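Reader: I am new to this structure and should be grateful for a short guided discussion. Please begin once the sequence and the model are in view.

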Amino acid sequence: GRSGRVGLDPCGDAYILLNEKDAEYHKQRVNTPEKIQSQLLAEENGFYKVLAFHLVSEIYQENIQTVEDVHKWFERSLAYWQSESLANYIVEKTLDDLRKCRAIYKTDDGVWKATAVGKIASIFYMSPFDIANLRENFDYIFGENKQDDPYCLSIALGSIDSQRWGIVTKAEKMEFESYMAKVRTCYGNYFTEAAAKAGYCYFSLLGGMNVGMLSGLKKGLQSDFPRIAQALKMLNTMGGSWNKDAFFNQLESQIVAGVPSHLINLCQIPKIGKIRAKRLYDAGITNVQELADFDDPIRLRTLINLKEESVKEIVEEAERVSLLS
């Protein structure tokens, strides 16, 4: 649904698809709406993160260049019309927080500009604090040559601002406690339990492992990773200068597929996921070229448990990919 498009439509329609058993509850909920309250000036762990998120984007687009511009911009916000006041100390603190995380900088003539971190945060609609953390973490990873260590790599992905402050239950902690102990050898205690929980989910994706009660978080991180990967690739060229294009391409493929590195090659073929790739690999078919050359269609069909037509399509795709490689 949309609220309308200026000059085209005065309003929009929203459609909500529900299970029949839940329909009555949601009808009542929609008919008794809650008051909408702006979160622009919400404070979280000592930071005005929503305000920072918007300011870095406005600075990148050059709509805000000075403190005075911030106040003029604020006067067009919902928070202002709900009679909230933007104190000078909040503006100064938020701008300083963004400066400290290297998302913005001030020119000699007093104008705020976005850095690579700020630009990437704006382009990918991400927290500037998350982007800053990713840059810092991967500076360490590459500087210490630990990109092949799944413990260090996973906590580098998990220890970002948006993951650091979540709730961790005792049962959840038991699931990733041994992982957290191992990661301390890489980062010491410079991460929260919530960050370790996210790191453990990334670790399981890198290793093709199943998790217990953290499967929901794992799936969410996996589905969102293409966006994280694009931000990392842009940091690679704009900010980090790490020269790691191939590394980030492989990392994205590995986490999206949720498989260990040795199965990535097979997983680039449609309908070949973690389970089928492992069956093929264990049977001696370790890459796409070997799959294309495999001359026992009956055994292949047994290995991947698909109909003859689907197996034929897989082999044809493997042949095509092999020619392009």
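Reader: How far apart do the centres of the positive and negative side chains lie in the protein chain?
Author: In this predicted model, the protein chain carries 39 positive side chains and 44 negative ones. Taking the centre of each set, the separation comes to 3 Å.

Reader: How many helices and strands does the protein chain have?
Author: The C-alpha atoms of the protein chain occupy a box of roughly 75 × 55 × 45 Å along the principal axes. Within the protein chain, the secondary structure amounts to 18 helices and two strands.

Reader: What percentage of the residues in the protein chain is buried?
Author: A residue counts as buried when its relative accessible area is under 20%. The protein chain has 325 residues, and the buried share of them is 42%.

Reader: Which residues touch the most other members of the largest nonpolar core, and which helix gives the most to this core?
Author: The largest nonpolar core holds 72 residues, and the two that touch the most other members are Leu51 and Phe138. Nine residues of this core come from one helix, spanning residues 193–207, and that top contributor is helix α11.

Reader: Which residues does Phe138 touch, apart from those up to four places away in sequence?
Author: In general, nonpolar side chains of soluble globular proteins tend to be buried together. With residues up to four places away set aside, the residues that Phe138 touches are Leu153, Ala156, Leu157, Leu232, Trp242, Phe247 and Phe248.

Reader: Is helix α11 largely enclosed or largely open, and how many of its residues are buried?
Author: The helix has 15 residues and reaches 21 Å from first to last C-alpha, close to the 21 Å expected at 1.5 Å a residue. Just after α11, Gly208 adopts a positive phi of about 65°. The helix is largely enclosed by the rest of the structure, because the number of its 15 residues that are buried is 13.

Reader: Is Cys186 buried or exposed?
Author: Cys186 belongs to helix α10, which covers residues 170–187. Its relative accessibility is 9%. The cut-off for burial is under 20%, so Cys186 is classed as buried.

Reader: With which residues is Cys186 in contact, leaving aside neighbours within four places in sequence?
Author: Cys186 and Leu206 are 20 residues apart in sequence, and their C-alpha atoms are 17 Å apart in space. Contact requires heavy atoms within 4.5 Å. Beyond its sequence neighbours within four places, the contacts of Cys186 are Tyr140, Lys146 and Cys152.

Key
Residues are numbered from 1 along each chain as its sequence is written. This is a predicted model: local features need pLDDT of at least 70, side-chain atom pairs count only at pLDDT 80 or more; totals for chains, interfaces and linings use all residues. Side-chain values use heavy atoms; hydrogens and water are left out. A nonpolar core is a set of buried Ala, Val, Leu, Ile, Met, Phe, Trp, Tyr and Cys residues joined through side-chain atoms within 4.5 Å. Buried means under 20% relative accessible area, exposed over 50%, partly exposed in between (1.4 Å probe, protein chains only). Helices (H or I, at least four residues) and strands (E, at least two) are DSSP runs, numbered from the N terminus. Lys and Arg count as positive and Asp and Glu as negative; His and the chain ends are not counted. The place of a charge is taken as NZ of Lys, CZ of Arg, CG of Asp or CD of Glu. The expected span of a helix is 1.5 Å times one less than its number of residues.
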